[in-house]
Every structure is written in C-alpha cells, then in structure tokens.
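Hello,

Here is the structure we talked about handing over. Please look it over first; my notes on what was found follow below.

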Amino acid sequence: MNPARAGVVAIMVVLVLAWGVWRAGPSREAPIPTQPARNLAPAIAHPPNRIVAAPNSEFIVEPGRDPLTDLVGEGLNAIGGTVQRDLSIVSDLLDAWQTNFPGQGNPVGLNTEITAALTGRNALRLELVPADHPAINATGELCDRWGSPLVFHQISGTHMEIRSAGPDRRPYTDDDVIWVPGSP
Amino acid sequence: MNFKNHLPDLGRRQFIRSCCAAVGSTGLLSAMAQLRLMGAVAGDSAGNDYKALVCLFLQGGNDANNLIIPYDTAGYANYAAARTTLALPRDQLLPINPLTTDGRSYGIHGALGPLQELFGSGQLALLANVGTLVVPTTRAQYEARSVPLPPQLFSHNDQQVQWQSSVPDQPFSTGWGGRLADLTNAFNENPSLSMSISLDGQNSFQVGSSVSQFAVNRTGVVNLTGINGDAGQVRLETLKSVLGQENENLFQTAFGGLTDSAIDTSALLGEALENGPEIATVFPEGRLGQQLGMIARLISIAPQFGLKRQVFFARLGGWDLHDTQIDAHASLLAEIAAGMKSFYGATVELGCEHSVTTFSASDFGRTFNTNGDGSDHGWGSHHMVMGGAVRGGDIYGTMPVLEINGPDDTGRGRWIPTTSVDEYAATLARWFGVGEADLPLVLPNLGRFAQPDLGFML
C-alpha cells in the first residue's frame with residue numbers, strides 16, 4: 001500500500017470510530033449544549049414618569065418547574081431573572097437549533113412558526129422548548145416576561161434580532177429590549 | 001468486493017481534468033448560446049439596437065400593499081379594516097384604470113403622482129404579487145411543507161440574494177443579471193467598459209461568470225486619491241507596476257490585473273463623462289435621483305465604448321419599516337416616483353426611451369396587517385416596470401386575495417407569490433435579446449413555471 005492510500009485508509013478508520021462514538025453518545029433528542037451567552041444591546045432605561053407594568057405572572061416560571069433549566073442554563077422568564085437573560089436564552093435556543101440543523105439556518109417566519117419549530121415541528125421532532133412552557137401563550141407564541149410575543153427580526157439565515165416589547169407591552173417603543181446578534 | 005472495479009482510481013491530475021470537463025461543459029453551453037446570439041446580431045439588424053436594463057432594488061422589503069390599493073368601495077373597506085393604522089385614506093389614493101380588469105378597481109399611493117401619469121400614458125406597468133418560488137406553491141402546500149420552499153423565507157439577506165439570483169434552491173453562485181450579461185455580451189463590439197455597471201456598490205444581481213460588474217458612484221467614477229501632480233503620477237505608475245507583476249499566487253495576479261484594469265477604465269470613463277452630452281432633464285436631489293441621473297449619463301456615452309447592451313443596478317434602502325411606516329414610506333415612494341419620472345424623461349431626451357427598461361425588485365413584500373405602527377416581513381410583492389418598450393397602463397399577473405387567512409395568505413397577510421421572479425425576469429431577458437432556447441441559461445428554474453413571457457414587454 002502506497003503512503004497516500006495508507007493515509008486515506010487511516011482517515012476512514014478515524015471517521016468510522018468517530019461515528020461509533022457519536023452513535024453511542026446521548027440521544028439525538030437531547031440538544032447540543034449551546035454557546036455562552038453573547039452580549040446584549042444596552043437596554044434603554046425607562047423614562048422616569050412611565051408606569052412600569054409588573055411582569056405578567058401567567059408567563060413567569062416558578063422556581064423548580066422550568067424545563068429549560070437543564071437545557072440553557074437559567075430558566076426563560078424565571079422569577080428573579082431579567083429580560084436580558086431571557087433574550088440571551090432564546091438566542092441560545094436558536095444557536096442550538098443551528099447546531100442540530102447545520103446549514104439550514106434559523107427557523108423563520110412568524111413567532112408562531114418559529115415557536116412551532118422550536119417545540120418540535122421539525123425534521124428531527126426536536127423539542128428545544130416544551131410546548132407547554134409557560135412562556136408560550138395560547139396562540140403558540142413565545143412571549144417575554146410581560147406576556148408580549150417576542151418579535152423576531154430575520155436579518156439573515158443565521159442572524160436573528162430578538163425584541164421584547166418591554167414593560168409597556170408595545171413593540172418599537174423606548175422601553176423595548178433588543179438582542180442584537182453578534183454584538184461584541 | 002473489489003472496490004477498484006466500481007470506483008475508478010482517479011489520480012490528482014485526472015480528477016482536475018474531470019472537474020474542468022464538467023465546468024467546461026457548462027461554459028460550452030453558454031459559449032454556444034453566445035455564438036447563436038452573434039449569428040442573430042449579424043443576421044438581424046434589430047440585434048444591433050441598443051438596449052439597457054435598469055434594476056431598481058428597494059432594499060429592506062417594500063410594503064407593496066400600499067403601492068396598489070383596492071379602490072372600489074367594498075375592496076377598500078376590507079383593506080382599511082385589515083390594515084388599520086397602515087390604511088391610507090381613500091381620498092388620498094390616485095385611481096388608475098388598467099387596460100384589463102379583474103373586476104375590481106385599484107388606486108396607487110398618493111405619493112406616486114408622477115408614476116400615475118406614466119401608467120396613464122402607457123410607459124409604466126404594474127406586476128402583481130411577484131416573489132421567490134422554488135415551484136408554484138399553494139397555501140395547503142406551504143402549510144404541509146409538501147413542496148420545497150425558498151430557504152430562509154422572510155430573512156432579508158437570503159431573500160435579497162434569491163431575488164437577485166432567481167435560483168433560490170441552490171447556493172448562490174451568479175445573479176440573473178450577471179448571467180444575462182454573460183450571454184448578451186456578444187452584442188457588444190469589443191467593449192472597453194463592462195456592460196454591467198452598479199451605482200451602489202457590490203450586489204448579487206450582476207455577479208456573472210465572465211462579465212465583471214464595474215462600480216461607479218452617484219457622482220461619477222471612483223477615483224484614486226493622491227495621483228494628481230508629478231508626485232501623484234509617480235505614485236500611480238509605481239502602483240500600476242506593482243499590480244502588473246506576475247505572482248505565483250493566481251489570486252494575487254488576478255487581483256492585480258483587475259485593479260489595474262479598473263484604474264484604467266475609471267480614467268477612460270471619467271474623461272468620457274466629462275465630455276459627454278449635457279442632459280437637460282433635472283433629477284431630484286437624493287440618493288436615487290442621483291443614481292438614475294448618473295445612469296442616464298452613462299447611457300449617453302455607451303456608443304463610445306462599443307456597448308449595445310448594458311445592465312445597471314441602482315439601490316435605495318430604508319424600506320424595512322417595522323415602525324413609523326406611514327410617513328417614511330410615503331417619503332420613499334415619492335423619491336422613487338420623482339426619480340423614475342426624471343429618468344424616463346432623460347431617456348426621451350436622449351432618444352432612447354424605447355431601448356431602456358427600468359424594473360423594481362425588493363427583498364419581499366410585507367404583512368398586510370400591522371404590528372402597531374409598521375409592518376413585518378412578507379413574501380409576494382407588487383412591482384413596477386417602466387420604459388418606452390413596456391406595454392404599460394396595465395396590471396400583469398394576479399392580485400392576491402387580500403384576506404388574512406385567505407387562500408393566498410401564509411399568516412398575517414404574507415402573500416404566496418402568484419408570479420415567480422423567474423417569470424418576471426424571463427420576460428425582461430427575452431426583450432433584452434435572449435432567445436427562448438437560451439432562457440434556461442439565464443433562468444435555470446424557468447421551466448417549472450407556467451408563463452415564461454408575462455406579456456408586459458413589446
């Protein structure tokens with residue numbers, strides 16, 4: 001066997017071994033760990049005279065019952081958490097999606113379509129978010145801690161800007177909090 | 001089993017030869033088509049006519065639901081009820097009378113007065129509900145995901161590229177304007193300037209295999225600085241000497257050659273523009289008016305460069321109006337209308353209005369309902385085609401049923417396109433001189449759609 005052919009055989013052996021290790025590993029149903037949270041665009045301070053609404057308890061996760069805890073670190077909309085952390089978690093979910101569906105980019109469309117994809121309507125039936133998670137409203141939209149549907153702005157297949165309407169529950173106002181992908 | 005019997009043992013050189021043969025066969029098809037075109041030019045005096053295609057890209061996604069608006073009482077009432085804060089007052093719409101009717105009446109946005117005139121006089125056509133498609137798609141198919149959909153629908157970058165390539169189901173390699181230029185460059189006689197000129201930097205539309213896009217800016221050619229005077233000339237000669245050197249690295253050599261050529265072309269073009277004919281038509285100030293004004297000047301000097309076919313790219317951003325849409329959209333449409341009207345006037349002044357066709361394109365349409373004060377990313381969208389060779393005064397294609405959760409809706413009034421970008425582009429390519437047999441070279445997916453000629457060009 002000439003050296004070039006021996007090299008090819010060696011690479012094949014390594015690939016077969018790697019495949020075997022992968023097959024023996026955790027089920028494909030388990031999401032791949034996500035990347036560390038990235039930075040948020042600075043949240044805009046609330047105007048002092050604005051009445052800041054209290055978080056909507058319907059969309060708040062009580063301690064100990066957040067199914068996302070094991071998946072992405074902290075719980076989405078968890079009591080004691082912050083909206084910045086919530087958006088970071090959603091971004092991590094999208095990263096996990098991209099890891100599980102390489103080359104396909106983020107799920108796209110309306111909030112309902114993106115949420116449906118994240119809750120299992122996908123080729124792998126992968127549930128990155130349980131369909132009964134408290135952050136999902138009755139119409140199937142992923143909501144912020146005030147109960148407003150998150151706004152997904154699809155800049156490219158892999159860059160998604162995520163917006164919380166903030167305490168006033170109206171998107172595109174001064175108290176919105178925005179996750180900007182790839183910000184340093 | 002002896003794999004050698006099934007897998008030929010390709011040596012490196014043999015592999016490269018095989019790849020070259022595969023690539024070469026694609027090039028061969030294009031070359032044969034070019035030869036056919038050259039034959040057509042020689043045998044048909046019409047082939048010697050000058051033609052220019054101008055792509056006007058509305059970057060960010062134009063809300064065409066406020067471009068063409070139902071004007072009859074019932075249609076307007078439905079529109080107003082669905083659009084709420086985005087609905088334009090009926091008395092501010094400009095009514096239009098299309099040559100053919102689908103039984104409904106329509107108006108256009110009040111800021112489009114100059115285009116209403118062109119529509120009325122037959123130099124402007126409207127295209128209804130055009131968008132990216134892999135195959136014709138129904139709502140049921142969309143919901144069941146039973147047909148392939150354009151990847152990353154509703155994403156800006158992806159949809160911009162797919163509109164400009166018209167091959168949504170393949171990774172980007174060339175734009176349809178670039179492929180059109182590759183094919184029709186045969187019409188040009190030893191051109192000393194690329195037939196593909198961008199007025200707004202790099203774009204996917206004009207990326208071709210053999211014809212490179214040449215970028216100018218709104219005020220003219222992009223010149224090097226620091227090359228004036230004796231010292232500057234020394235700098236320039238030194239730079240050109242460095243660029244002209246042979247490199248072991250092929251990319252470096254190609255970069256040097258391309259840059260050197262761009263410097264020479266810029267100098268040549270700058271001089272031609274300076275000595276070109278004065279155009280009396282006044283263009284509006286602003287990004288688009290200046291781009292279109294420069295295109296008119298470039299068209300006026302095309303004969304000096306042996307150009308009988310040109311493809312231009314102009315772009316206006318700011319259409320991604322998720323918020324405070326009403327005023328900003330009106331302002332953008334007014335800019336478009338004024339710029340297009342002036343541009344048409346300039347082509348009349350130059351005597352080439354029948355040879356220049358301007359068409360609009362955009363990432364996508366926008367949602368029919370509002371998010372509060374704006375609209376979000378949609379899919380199918382209405383478009384405009386302008387020129388003396390346009391069968392204007394009519395709406396081509398099929399208007400969607402403007403009904404949330406209706407048969408054309410994928411949610412919130414994101415219309416499934418009823419006309420594909422392929423059909424839109426093919427109609428323009430055919431006018432540009434591409435024969436029916438060669439259309440698939442420009443639009444490889446065209447065969448999947450019903451209408452390779454939408455009929456809006458004479």
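**Sheet in chain A**

In strand 3 of chain A, V177(A) is the bridge partner of S164(A). Strands and helices here are DSSP runs (E, at least two residues, for strands; H or I, at least four, for helices), numbered from the N terminus. S164(A) closes strand 2 (residues 160-164) of chain A, which three bridges join to strand 3 of chain A. The two run antiparallel. They belong to an open sheet of three strands in the order 1-2-3, with antiparallel pairing. Pairing requires at least two DSSP bridges between two strands. Strand 1 (151-154) and strand 3 (177-179) of chain A are the edges, each pairing on one side only. Neighbouring strands of this sheet are turned by 20° against each other on average, direction ignored.

**Basis**

This is a predicted model: local features need pLDDT of at least 70, side-chain atom pairs count only at pLDDT 80 or more, and totals for chains, interfaces and linings use all residues. Residues are numbered from 1 along each chain as its sequence is written, chains are lettered from A and ligands numbered from 1 in the order written, and side-chain values use heavy atoms, without hydrogens and water.

**Sheet in chain B**

Chain B has an open sheet of three strands too, in the order 2-4-3 and with antiparallel pairing. Its edges are strand 2 (68-70) and strand 3 (94-96) of chain B, each paired on one side only. The average turn between neighbouring strands of this sheet is 45°, direction ignored. Three bridges join strand 2 of chain B to strand 4 (residues 106-108) of chain B. There, I68(B) stands opposite I108(B). Helix 3 (residues 113-120) of chain B lies across strands 3 and 4 of chain B, at about 15° to strand 3 of chain B. Angles run from 0 to 180 degrees between N-to-C directions, and axes are lines fitted to C-alpha atoms, for helices over the stretch in contact.

**Helix pair in chain B**

The axes of helix 7 (residues 229-243) and helix 8 (residues 250-275) of chain B come within 8 Å and cross at roughly 145°. Helix 7 of chain B brings L236(B), L239(B), K240(B) and L243(B) to this contact. Among their partners in helix 8 of chain B are G256(B), I263(B) and D264(B). Contact means heavy atoms within 4.5 Å.

**Between the chains**

The contact takes 21 residues from chain B and 16 residues from chain A. The buried area is about 1300 Å², of which carbon and sulfur atoms give 46%. That is accessible area (1.4 Å probe) that the two parts lose on being put together, summed over both. In chain B, Q152(B), H322(B) and R414(B) lose the most area to chain A, together 31% of what that side buries.

There are two salt bridges between the chains. One is R145(B) with E113(A), at 3.8 Å, N to O. The cut-off is a side-chain nitrogen of Lys or Arg within 4 Å of a carboxyl oxygen of Asp or Glu. On the chain B side, helix 4 (139-144) and helix 5 (156-165) are the elements that give two or more residues. Helix 5 of chain B has the largest share, three residues.

Best regards
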